[in-house]
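Here are a few exercises to work through with the structure open beside you. Try each task before you read its solution.

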Amino acid sequence: MIVESILIILKVVVIFAALMTGVAYSTYFERKVVAFIQHRIGPNMTGPFGLLQPIADAIKLLFKETFIPNMSDRFLFTIAPMISFVAACMTLAVIPVGDWLNIGGQRIQLIISDLNVGILYILAVTSLGIYGIILAGWSSNSKYSLLGGLRSSAQMISYEVSIGLGIVGVLMLSQTFSISEIVRQQSGSIFNWYFFKQPVAFFIYFISALAETNRNPFDLPEAESELVAGYHTEYAGMRFSIFFMGEYANMITVSAIASSLFFGGWNGPFLPPVIWFVIKVIMFMFIFIWIRGTLPRFRYDQLMRFGWLILFPLGILNILITALILVL
Amino acid sequence: MWRDLKSVFWAIPKGLSITFRYLFRKSVTQQYPKNKPVLEDRYRGLHYLTRYDDNSERCVCCGLCAAACPVDCIYMEPAETEDGIRYAKIYEINELRCIFCGMCEEACPEEAIFLGHEFEFAAYERDDFIYTKEMLLANYDNIEKERVAKNIKPLIRKERQEFKTPAAPLGH
């Protein structure tokens with residue numbers, strides 16, 4: 001019993017530390033990749049190849065003044081970034097990093113909690129993140145923040161529907177809600193990956209995930225040219241960086257879910273499972289950044305039309321066709 | 001609907017392929033303070049006043065550069081030596097007003113003033129940007145030292161006399 005609790009705490013600490021390092025270095029990765037796309041060099045001054053840049057950024061943000069604007073709701077203003085950050089981190093609890101592992105007679109599963117309704121948990125927790133954004137927009141007492149928060153909540157709610165529909169396509173084939181079980185079903189050959197069985201579902205999921213994490217080309221909540229910085233206009237210092245970390249943690253979890261559900265998670269030849277998982281997540285992060293370096297921002301009405309009139313019907317159609325094939 | 005589909009299945013992958021190709025190209029960033037930029041020969045930077053080989057100044061204070069200057073940043077007062085050679089008693093260029101157009105070097109009949117390659121001459125006081133004759137001559141001395149060190153051919157005429165002999169008539 002004690003051993004098990006210690007193991008769980010250890011797993012939480014390790015995964016949280018890995019997530020935080022991942023968040024720090026995905027900012028570096030993003031800056032480098034976007035720089036290369038634009039024929040620039042990117043950060044290269046702090047440390048070799050600028051590898052210490054995230055640490056320098058963190059130190060800078062820590063020493064900045066934490067400013068609360070006049071007439072704002074102090075309590076909500078303080079709590080909003082925490083909500084979105086915690087919600088972003090909690091999702092990773094049900095994502096399997098690897099299969100069972102035997103260490104000193106102890107069987108360890110490389111997942112914090114193997115919930116049998118893992119996917120429902122993910123959908124529930126990612127919805128919580130919206131509260132952070134809405135509260136930030138509301139409590140800042142600024143028109144830009146409010147508009148950014150409104151846009152963001154509308155966008156996330158509409159795209160959550162299609163994210164769910166995309167996942168349902170996989171669930172119908174896997175007949176289970178447990179993510180580690182879904183990953184196990186994809187072992188064996190590359191053609192067992194659900195990407196090849198449910199390509200439409202994958203594209204629906206991926207596009208909605210872009211919108212869900214407020215990334216380009218769906219980064220309307222932060223549209224600089226219209227809304228200054230959207231819901232975190234009034235934030236500075238550590239509070240701002242918590243929002244920022246939450247956003248990148250969200251990107252990582254969304255990539256992890258995509259690789260688990262559609263690309264076989266930890267499955268892969270030669271290398272250890274954890275490495276395969278990390279490679280897949282990094283590949284998805286690269287695609288996120290690649291898209292950011294390529295596409296311009298959607299207009300707001302285009303975004304809504306795309307979500308409700310194209311992705312949503314497509315998701316339902318995909319489910320119908322999958323059901324038909326399953327029945328036949 | 002058809003156009004939307006076309007944009008998704010054709011335009012977006014095309015754009016992505018372009019950005020992916022750009023990933024591997026050489027960056028055009030100049031790492032400025034670390035690596036100095038390569039300047040063209042005709043680059044117009046800080047002025048310098050040239051000398052003859054016997055170290056006398058070329059400038060005769062004719063005022064043509066000040067007349068040519070579109071922003072009136074050159075001020076000069078003439079004087080004469082006992083031998084009757086005219087020279088500039090005061091010669092000042094206000095580098096804050098100067099637009100580095102190069103009209104002064106074009107106007108100069110004595111090939112006395114040129115614009116060099118120096119562009120890092122920041123200062124804390126506005127008064128420090130008024131370059132006197134001594135400073136402009138010192139610029140020339142520095143440039144000359146570097147030129148001799150690198151063994152580059154001088155661009156300007158060497159002899160004072162070359163001006164005084166009339167040009168040979170054409171033809172015949």
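**Exercise 1. In what sense do strand β3 (residues 86–94) of chain B and β5(B) pair, and over how many bridges?**

Before you start, note that this is a predicted model, where local features need pLDDT of at least 70, side-chain atom pairs count only at pLDDT 80 or more, and totals for chains, interfaces and linings use all residues. Residues are numbered from 1 along each chain as its sequence is written, while chains are lettered from A and ligands numbered from 1 in the order in which they are written.

Step 1. Get the terms straight. Helices (H or I, at least four residues) and strands (E, at least two) are DSSP runs, numbered from the N terminus. Two strands pair if DSSP finds at least two bridges between them.

Step 2. Look at the two strands: β3(B) and β5(B) pair in the antiparallel sense, over 2 bridges. One place to check is Asn94(B), whose bridge partner in β5(B) is Ile130(B).

Step 3. Now go to the other pairing. β2(B) and β3(B) are also antiparallel, over 7 bridges. Here Pro78(B) has Ala88(B) of β3(B) as its bridge partner, and Glu77(B) stands opposite Ile90(B) in β3(B).

Step 4. Find the turn. β2(B) and β3(B) make a hairpin with 5 residues between them, and Gly84(B) in that turn has a positive phi of about 85°.

Step 5. Put the sheet together: it's an open one of 3 strands in the order β2-β3-β5 (chain B), with antiparallel pairing. β2 (74–80) and β5 (130–131) of chain B are the edge strands, each pairing on one side only.

**Exercise 2. Which helix of chain B lies across β3 and β5 of chain B?**

Step 1. Pick out helix α4 (residues 133–150) of chain B; that's the one lying across the two strands.

Step 2. Check its direction: α4 of chain B runs at about 90° to β3(B). Axes are lines fitted to C-alpha atoms, for helices over the stretch in contact, and angles run from 0 to 180 degrees between N-to-C directions. Contact between two residues means that their C-beta atoms, placed from the backbone, lie within 7 Å.

**Exercise 3. Is Phe121(B) buried, exposed or partly exposed, and why?**

Step 1. Locate Phe121(B) in the loop between β4 (113–115) and β5 of chain B.

Step 2. Apply the rule: a residue is buried if 20 or more other C-beta atoms lie within 10 Å of its own, exposed if 12 or fewer, and partly exposed in between, with C-beta atoms placed from the backbone. Phe121(B) counts as partly exposed because it has 13 C-beta neighbours inside 10 Å.

Step 3. See what it touches. Leaving out residues up to four places away in sequence, Phe121(B) touches Leu46(B) and Glu95(B). Leu46(B) is 75 residues away along the chain, yet the C-alpha atoms of the pair are separated by 8.0 Å.

**Exercise 4. Where is Asn141(A) found?**

Step 1. Go to the loop between α4 (118–139) and α5 (143–174) of chain A, and there's Asn141(A).

Step 2. Look at its backbone: Asn141(A) has a positive phi of about 60° although it is not a glycine. With 15 other C-beta atoms within 10 Å, Asn141(A) is partly exposed.

Step 3. Try chain B for another such case. Phe100(B), in the loop between β3 and α3 (103–107) of chain B, has a positive phi near 55° and isn't a glycine.

**Exercise 5. Which helix gives the most to the largest nonpolar core?**

Step 1. Define the core: a set of buried Ala, Val, Leu, Ile, Met, Phe, Trp, Tyr and Cys residues joined through C-beta atoms within 7 Å.

Step 2. Find its centre of contacts. The largest core has 78 residues, and those touching the most other members include Ile95(A), Tyr205(A) and Ala258(A). Helix α10 (residues 237–262) of chain A gives the most, with 13 residues. Apart from this core lies another, of 19 residues, among them Leu49(B) and Tyr140(B).

Step 3. Step back to chain A as a whole. Chain A has 12 helices and 2 strands, and buried residues make up 43% of its 328 residues.
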